Amino acid sequence: MFRFLTAGESHGPGLTVIVEGIPAGLNLNKEYLSRDMARRMQGHGRGGRMKIETDEPIIRSGVRHGLTMGSPISILIDNRDFANGNGPDGTPWQQAMSIGPSENPGAPITHLRPGHADTPGVVKYLQDDARNILERSSARESAARVAAGSIAKRFLEEFQIEIHGHVQAIGGVHAPSSNKPDWNAVETSVVRCADGETSARMVEAIDKARDDGDSLGGIVEVVATGLPIGLGSHIQWDRKLTTKLAGAVMSMNAVKGVEFGAGFPQADLPGSSVHDVIKPVSEWGSESKGPWEQPYQRNTNNSGGLEGGMTTGEPLVVRAAVKPIATIINGLPTVDLRDGQFVDRAHFERSDITFVPTCSVIAEAMVAIVLAEAMLEKFGGDHISETKRNLQTYRSSYANTRLP
Ligand code: EPS
């Protein structure tokens, strides 16, 4: 069983993540995790916070001499802002977010931000200061998820499963659609978009939003390749991989929609134009991988690599629609939580103009976590060699059923 939990507030002492279920014998080190942590921090449109933080993942357990032991892996990520920074009213975070009682807690946040967790949160948790909600609902928590996702990616690499995230749209600027984005170009783009001309227009849109005191959303896509056929199950609603992937991606801050493969436009098309025709073996090219790797091949991948809640062996393609960040420089009209009276501007404190490029890295992490869980559910194993053996046995059994 693979699972993880995160803890931590945005401006408290730091974040913690515990990952359980990774088999023993997996190579894992801080340098590997640090690459993903650094990717999460980048992106045009991020606010000042990313200049303060280093997001160093400190591994505290579960790894010995560079190899996992099968025990829970715990990671700490310090918030450097806590040690050195001040809140929007100048109160040092060490006092405003002190674990013990504080003589200087800072001004309460009472001008509720439409679109943030502030309003339902203060009601549900009976709070008179929205800081007690926003500290946890902040996307800062995604740093802990990316650490967990990086462990999942390291595990999946052992099976030649690769996962990449990129940006398809920001603020209404869309990249031309592409079946095979250039992942190197994605990594060098400041908005994680493979198309250079689109990247430049996205940067312009972000700069304009900053000048307008506004924020922007967009669309991110994750592609996972090398998956064996048959992860997940059609047997029960909550065993469908589609269910788990959609839930994991929807759990990200600001995500308002998820689609797979050809997505929503499929709803307008006849079935004959949508479903992915299965190629007879005689039509497979001489260079294509045999039934060991992939027992069936398709002409198209409109399904996004999922049929009946199971992987088809084709690339998994999942997209998320991300709404604009709710903290806006020119805040929307709202009410004061102390008396319910009108205020012309919701609370503003340092934030990002957009974090869509970052969302593509967080989405990678969430997809990796679900896929690692699905691989372990199907193939199990307390040592990585056992998981590999089980996958091999499965592949040889399905190869044998068809080709004598
Ligand atoms: C984030 C830290 C936050 C924001 C951003 C993500 O830092 P601060 O609030 O101190 O500026 O930059 O938060 C949000 C997008 C949000 O919606 O809260 C981070 O570490 O990624």
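These are my notebook entries on a few helices, strands and residues I looked up in a predicted model.

**Entry 1: the four-stranded sheet**

I started with an open sheet of 4 strands, and I read its order as β1-β2-β6-β3, with antiparallel pairing. I wanted to know which strands stand at the edges. They are β1 (3-7) and β3 (58-61); each has a single partner strand, so one side of each is left without a neighbour in the sheet. I also looked up the twist: neighbouring strands here are turned by 20 degrees against each other on average, direction ignored.

A reminder to myself: strands of a sheet pair through backbone hydrogen bonds, either parallel or antiparallel.

Next I picked one pair from this sheet. Strand β2 (residues 14-20) runs antiparallel to strand β6 (residues 73-78), and I noted 6 bridges for the pair. To find my place on screen I used Leu15, whose bridge partner in β6 is Ile77.

**Entry 2: Leu33**

Then I clicked on Leu33, which sits in helix α1 (residues 30-41). Buried or exposed? Leu33 has 0% relative accessibility, so I put it down as buried; the cut-off for that is under 20%.

What does Leu33 touch, leaving out residues up to four places away in sequence? My list reads Leu28, Pro57, Ile59, Ile75, Ala147, Ser150 and Ile151. Two of these names tie back to Entry 1: Ile59 falls within β3 (58-61), and Ile75 falls within β6 (residues 73-78). I followed up on Ile151 too: from Leu33 it is 118 residues away in sequence, yet the C-alpha atoms are 7.2 Å apart in space.

**Entry 3: α1 against α7**

Ile151 belongs to helix α7 (residues 142-157), so I checked how that helix lies against α1. The two axes come within 9 Å and cross at roughly 135 degrees. That angle is not over 145, so α1 and α7 count as oblique to each other. The crossing is right-handed.

For the contact itself I wrote down both sides. From α1 come Tyr32, Leu33, Asp36, Met37, Arg39 and Arg40. From α7 come Ser142, Ala143, Val146, Ala147, Ser150, Ile151, Lys153, Arg154 and Glu157. Sorted by class, the contact of α1 with α7 has 7 nonpolar, 2 polar and 6 charged residues.

**Entry 4: strand β9 and its partners**

I moved on to strand β9 (residues 218-225). How many of its 8 residues are buried? I noted 6, so β9 is largely enclosed by the rest of the structure.

I looked up two partners of β9. Strand β7 (residues 162-170) runs antiparallel to β9, with 8 bridges joining them; there, Val167 stands opposite Val220. Strand β15 (residues 316-322) also pairs with β9 in the antiparallel sense, over 7 bridges. In that pair I marked Ile219, whose bridge partner in β15 is Ala321.

**Entry 5: α10 against α12**

My last stop was another helix pair, α10 (residues 241-250) and α12 (residues 356-379). Their axes come within 9 Å and cross at roughly 150 degrees. This angle is over 145, so I call α10 and α12 roughly antiparallel. The crossing is right-handed.

Which residues meet here? In α10 I listed Leu241, Lys244, Leu245, Ala248 and Val249. In α12 I listed Met366, Val367, Val370, Leu371, Glu373, Ala374 and Glu377. By class, this contact has 9 nonpolar, no polar and 3 charged residues.

Technical notes: Residues numbered from 1 in each chain as written. Predicted model: local features only at pLDDT ≥ 70, side-chain atom pairs only at ≥ 80, totals over all residues. Heavy atoms only, no water. Axes fitted to C-alpha atoms, helices over the stretch in contact; angles between N-to-C directions. Helix = DSSP H or I, 4+ residues; strand = E, 2+ residues; numbered from the N terminus. Parallel < 35°, antiparallel > 145°, perpendicular 65-115°, else oblique. Left-handed = near helix turned anticlockwise from the far one by under 90°. Contact = heavy atoms within 4.5 Å. Nonpolar A, V, L, I, M, F, W, Y, C, P; charged D, E, K, R; others polar. Pairing = 2+ DSSP bridges. Buried < 20%, exposed > 50% of the residue type's maximum accessible area, 1.4 Å probe, protein only.
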